[in-house]
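This report describes the fold, the surface and the charged contacts of one protein chain. The sequence and the model are shown first, and the description follows.

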Amino acid sequence: MTIDSHQVPATLRWASRLLYGEAAALGLVAAWLVWADLTAPTTDLATALLVTAFAIGGAIALWALGRALADRRAAARAPAIVLELMLLPVGWYMILGGMGWLGVPLIALGLGVCGLLVSTPTNRALGFERD
């Protein structure tokens with residue numbers, strides 16, 4: 001049996017898909033923020049634009065990391081893991097704030113994608129594991 005060395009393993013494929021999904025979700029949040037910035041009766045414009053730019057930048061970063069991982073670029077793994085680990089405190093404070101219905105899935109998503117990114121098939125595909 002031969003293994004196609006160009007085939008992306010399921011773990012890496014799913015990590016990439018989940019990053020695309022997160023990018024799309026954050027893109028929707030960014031779109032809502034743009035709408036809120038334009039329609040708010042009073043606002044601190046500098047803060048509003050900074051938060052909106054942060055959301056847009058995050059969506060772009062998640063999309064780019066998902067694409068790079070789909071292309072098996074090893075350098076994208078560490079930044080992707082960092083962004084996923086950032087979901088842990090966000091989820092934790094959502095739980096503390098009474099939004100456990102959203103916080104728990106965010107924590108699970110962050111840990112799940114990290115698990116996919118450090119799994120053995122992903123390590124092999126990205127060249128981190130020696131034969």
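Helices are DSSP runs of H or I with at least four residues, numbered from the N terminus. Ala-55 belongs to one such run, helix H2. The model discussed here is predicted.

**Overall architecture**

The protein chain contains 6 helices and 0 strands. Its pattern along the sequence is accordingly written α-α-α-α-α-α. Along the principal axes, the C-alpha atoms occupy a box of roughly 65 × 30 × 20 Å. The chain has 131 residues, of which 33% count as buried.

**The largest pocket**

The largest pocket encloses about 710 Å³ of space. It is lined by 19 residues, and those closest to its centre are Leu-26, Phe-54, Leu-62, Leu-87 and Val-90. Which helices each supply at least two residues of this lining? They are H1 (10-39), H2 (45-70), H4 (87-96) and H5 (100-117). The most is given by H2, with 6 residues. In terms of class, the lining of the largest pocket comprises 16 nonpolar, 2 polar and 1 charged residues.

**Helix H2 and the nonpolar surface patch**

A nonpolar patch on the surface is formed by Val-34, Leu-38, Ile-56 and Ile-60, which together have about 390 Å² of accessible area. H1 and H2 each contribute at least two residues to the nonpolar patch; these two helices are also among those that each supply at least two residues of the lining of the largest pocket.

Two residues of H2 illustrate contrasting environments. Ile-60 is located in helix H2 and counts as exposed because its relative accessibility is 55%, the cut-off for that class being over 50%. Ala-55 is also found in helix H2, but is buried because its relative accessible area is 7%, and buried means under 20%. Ala-55 and Gly-98 are 43 residues apart along the chain, and their C-alpha atoms are separated by 23 Å.

**The salt-bridge network and the loop after H2**

Side chains of opposite charge can pair when their charged atoms come close. The structure holds 2 salt bridges. Arg-67, Asp-71 and Arg-73 are linked through them in a network. The table lists the closest N and O separation for each pair.

| Salt bridge | Closest N and O atoms |
|---|---|
| Asp-71 with Arg-67 | 2.7 Å |
| Asp-71 with Arg-73 | 3.8 Å |

How exposed are the members of this network? Asp-71 counts as partly exposed, at 36% relative accessibility. Arg-67 is partly exposed, with a relative accessible area of 41%. Arg-73 also counts as partly exposed, at 49% relative accessibility.

Arg-72 lies in the loop between H2 and helix H3 (77-85). Most residues other than glycine have a negative phi. Arg-72, although not a glycine, has a positive phi of about 60 degrees. Arg-72 counts as partly exposed because its relative accessibility is 26%, which falls between the limits of under 20% for buried and over 50% for exposed.

Notes:
Residues numbered from 1 in each chain as written. Predicted model: local features only at pLDDT ≥ 70, side-chain atom pairs only at ≥ 80, totals over all residues. Heavy atoms only, no water. 1 Å grid on protein atoms, 1.4 Å probe; cavity = no way out; pocket = protein on both sides within 12 Å on 5 of 7 lines; lining within 4 Å. Points joined across faces, edges and corners; volume = space filled by probe spheres on them. Nonpolar A, V, L, I, M, F, W, Y, C, P; charged D, E, K, R; others polar. Patch = residues over 30% accessible without salt bridge, like charges linked within 9 Å, V, L, I, M, F, W, Y side chains within 5 Å. Areas by Shrake-Rupley, 256 points an atom, 1.4 Å probe, with all protein chains shown as cover. Salt bridge = Lys/Arg side-chain N within 4 Å of Asp/Glu carboxyl O. Buried < 20%, exposed > 50% of the residue type's maximum accessible area, 1.4 Å probe, protein only.
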